[in-house]
Amino acid sequence: MRNINFLNIKNKHIKVIKVAISQLKKITDPEHCYGHTLDVLDFAQKIIDKNNYGADLDCLVISIFWHDVGRLHQDKGHELLSSQLLEKVLKEEKYDKNFVKKCNNAIRFHKWNMKPKSIEGKILKDADKLAFLGINRWKNCLKNDYKLNEIMKLLPNLKNKILCLNESKELYDEAMIDLIKFLYNYVTK
Ligand SMILES: [Fe+2]
Ligand SMILES: [Fe+2]
């Protein structure tokens with residue numbers, strides 16, 4: 001039973017989140033289109049359900065929606081750009097300065113080889129990397145005959161070298177079983 005529902009948090013911040021969604025829907029790369037953000041939200045919810053670490057969930061949900069918005073403009077360095085784009089919107093909406101800083105921190109270090117500086121950053125990064133196993137992503141990529149080269153390269157190190165939190169490592173095992181089931185059905189249909 002989920003004790004904290006991300007949907008309520010999304011509704012609370014719908015104005016800034018809507019801006020992110022409209023941008024994400026313009027991303028055509030099947031690996032990072034809107035479905036990927038939904039996978040990340042889903043994995044983050046699963047981590048929180050195991051252990052919420054006292055994280056600021058308002059910050060976490062907003063940051064997840066915004067973490068890849070910068071990809072619309074650039075791949076390399078999109079982590080920093082996404083955090084800057086969100087900062088601008090939050091400031092326009094008069095969010096508290098410390099909250100803006102916290103969101104900035106949560107987004108900036110989500111690349112696989114970066115070390116997040118906050119708990120919100122660790123949950124976001126882990127959920128983003130668990131989304132390597134996200135069914136939405138695999139479905140989209142297979143449908144578009146898109147090679148998952150980058151993911152295939154990182155997958156062997158995902159559990160032991162890339163994920164930060166123990167709860168994420170447990171979720172890796174569960175997600176891997178779901179992915180194998182999905183792929184089995186895909187090749188045998
Ligand atoms: Fe990203
Ligand atoms: Fe991402």
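**View 1. Four side chains hold the iron ion (ligand 2) in this predicted model.** H36 (NE2), H67 (NE2), D68 (OD) and D128 (OD) are its protein donors, sitting 2.1 to 2.2 Å from the metal. Donors here are N, O and S atoms within 2.8 Å of the metal (3.2 Å for Na, K and Ca); water is not among the atoms, so sites may look incomplete. The angles subtended by the four donor atoms run from 84 to 175 degrees, which makes the arrangement irregular. For reference, four donors count as tetrahedral if all angles lie between 85 and 135 degrees; four count as square planar and six as octahedral if opposite donors are over 155 degrees apart and all others between 65 and 115; anything else is irregular. Read along the sequence, the spacing is H-x30-H-D-x59-D. H36 belongs to helix α3 (residues 34-50), while D68 sits in the loop between α4 (57-66) and α5 (78-92), so this pair, 32 residues apart, links distant parts of the chain. Helices (H or I, at least four residues) and strands (E, at least two) are DSSP runs, numbered from the N terminus. H36 has 1% relative accessibility and counts as buried; D68, at 2%, is buried too. Buried means under 20% relative accessible area, exposed over 50%, partly exposed in between (1.4 Å probe, protein chains only).

**View 2. D68 is shared with a second metal, the iron ion (ligand 1).** The two iron ions lie 3.6 Å apart, with D68 bridging them. The protein donors of ligand 1 are D68 (OD), H78 (NE2) and H110 (NE2), at 2.1 to 2.2 Å. Along the chain they follow the pattern D-x9-H-x31-H. D68 is in the loop between α4 and α5 and H78 is in helix α5, so the pair ties together parts ten residues apart in sequence. Both D68 and H78 are buried.

**View 3. V40 sits in helix α3, packed against residues from elsewhere in the sequence.** With 0% relative accessibility, V40 counts as buried. Leaving out residues up to four places away in sequence, V40 touches I64, H67, L124, A127, D128 and A131. Contact means heavy atoms within 4.5 Å. Two of these partners, H67 and D128, turn up again as donors of the iron ion (ligand 2). V40 and A131 are 91 residues apart in sequence, yet their C-alpha atoms are 5.8 Å apart.

**View 4. The largest nonpolar core has 55 residues.** F6, L60, F65, W66, I123 and L158 have the most contacts inside this core. A nonpolar core is a set of buried Ala, Val, Leu, Ile, Met, Phe, Trp, Tyr and Cys residues joined through side-chain atoms within 4.5 Å. Helix α4 gives the core its largest share, eight residues. L158 touches K129, F132, L133, L163 and Y172, again not counting residues up to four places away in sequence.

**View 5. Stepping back, the protein has ten helices and zero strands.** Its C-alpha trace spans about 55 × 35 × 30 Å along the principal axes. Of the 189 residues, 49% count as buried.

**Notes on the model.** Residues are numbered from 1 along each chain as its sequence is written, with chains lettered from A and ligands numbered from 1 in the order in which they are written. In this predicted model, local features need pLDDT of at least 70 and side-chain atom pairs count only at pLDDT 80 or more, while totals for chains, interfaces and linings use all residues; side-chain values use heavy atoms, leaving out hydrogens and water.
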